[in-house]
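Please open the model in the viewer and keep the selection tool at hand. The tour below proceeds by successive selections, each followed by a description of what is there.

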Amino acid sequence: ARQRRAIIDGLRDSITHGTQENLSTEKISELLLITQYFETLRDIAAQSRAQTVFLPHSASAVADVASQIRGGVMSGSSSARR
């Protein structure tokens with residue numbers, strides 16, 4: 001959790017450096033998830049033996065993917081505490 005917090009804080013500082021802009025942790029988290037989403041698509045495409053993967057791909061689909069990832073992380077965290 002501390003590592004994710006440090007990443008989010010670093011992204012916030014990097015994006016808002018020299019501006020008066022104030023980004024919420026939620027917005028920075030979404031940016032991180034979207035970046036990871038695109039990196040995953042790139043990595044799948046780069047695999048020479050990759051099989052076809054169909055993913056919804058639109059602005060709303062990315063928000064939906066972010067929501068699903070957040071939900072999965074929260075479910076995994078609550079299961080691990082039990």
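**A pair within helix 1**

Select Asp-9 and Arg-5 to begin: both residues belong to helix 1 and are separated by 4 residues, about one turn of the helix. The model in view is a predicted one. With these two side chains displayed, a salt bridge can be located between Asp-9 and Arg-5, in which the closest N and O atoms are 3.6 Å apart. Both partners fall in the intermediate class of accessibility: Asp-9 counts as partly exposed because its relative accessibility is 26%, and Arg-5 is likewise partly exposed, at 42%.

**Adding Arg-12**

Extend the selection to Arg-12, which is also part of helix 1, a helix that spans residues 2–16. Asp-9 and Arg-12 are 3 residues apart in helix 1, again about one turn of the helix. Their side chains form a salt bridge with an N to O distance of 3.2 Å. Is Arg-12 buried or exposed? Arg-12 counts as buried, because its relative accessibility of 16% lies under the 20% cut-off. Through shared partners, the salt bridges link Arg-5, Asp-9 and Arg-12 into one network.

Next, display what surrounds Arg-12. Which residues does Arg-12 contact once its neighbours within four places in sequence are left aside? They are Leu-23, Ser-24, Thr-25 and Ile-28.

**The remaining salt bridge**

How many salt bridges are counted in total? The count is 3. Besides the two already visited, select Arg-42 and Asp-43, whose side chains meet in a salt bridge at 3.2 Å, N to O. Asp-43 is partly exposed, with a relative accessible area of 40%. As a general matter, side chains of opposite charge can pair when their charged atoms come close.

**Helix 1 against helix 2**

Now select helix 1 together with helix 2, the latter comprising residues 25–46. The two helices pack at an angle of about 95 degrees, and their axes are 10 Å apart. Why are helix 1 and helix 2 described as roughly perpendicular to each other? The description applies because the angle of about 95 degrees falls in the range of 65 to 115 degrees.

To inspect the contact itself, colour Arg-5, Ile-7, Ile-8, Leu-11, Arg-12 and Ile-15 on the helix 1 side. On the helix 2 side, colour Thr-25, Ile-28, Ser-29, Leu-31 and Leu-32. The residues of this contact divide into 7 nonpolar, 2 polar and 2 charged. Arg-5 and Arg-12, listed in this contact, are also members of the salt-bridge network with Asp-9.

**The whole chain**

Finally, clear the selection and show the entire chain. The chain contains 3 helices and 0 strands, and its pattern along the sequence reads α-α-α. Of the 82 residues in the chain, 13% are buried, and Arg-12 is one of the buried residues. With a surface displayed, the exposed area of the chain is about 6700 Å², of which carbon and sulfur atoms supply 53%. Contacts can be viewed by sequence separation as well: among those between residues at least 6 apart in sequence, 27% join residues at least 24 apart.

Notes:
Residues numbered from 1 in each chain as written. Predicted model: local features only at pLDDT ≥ 70, side-chain atom pairs only at ≥ 80, totals over all residues. Heavy atoms only, no water. Buried < 20%, exposed > 50% of the residue type's maximum accessible area, 1.4 Å probe, protein only. Contact = heavy atoms within 4.5 Å. Areas by Shrake-Rupley, 256 points an atom, 1.4 Å probe, with all protein chains shown as cover. Salt bridge = Lys/Arg side-chain N within 4 Å of Asp/Glu carboxyl O. Axes fitted to C-alpha atoms, helices over the stretch in contact; angles between N-to-C directions. Nonpolar A, V, L, I, M, F, W, Y, C, P; charged D, E, K, R; others polar.
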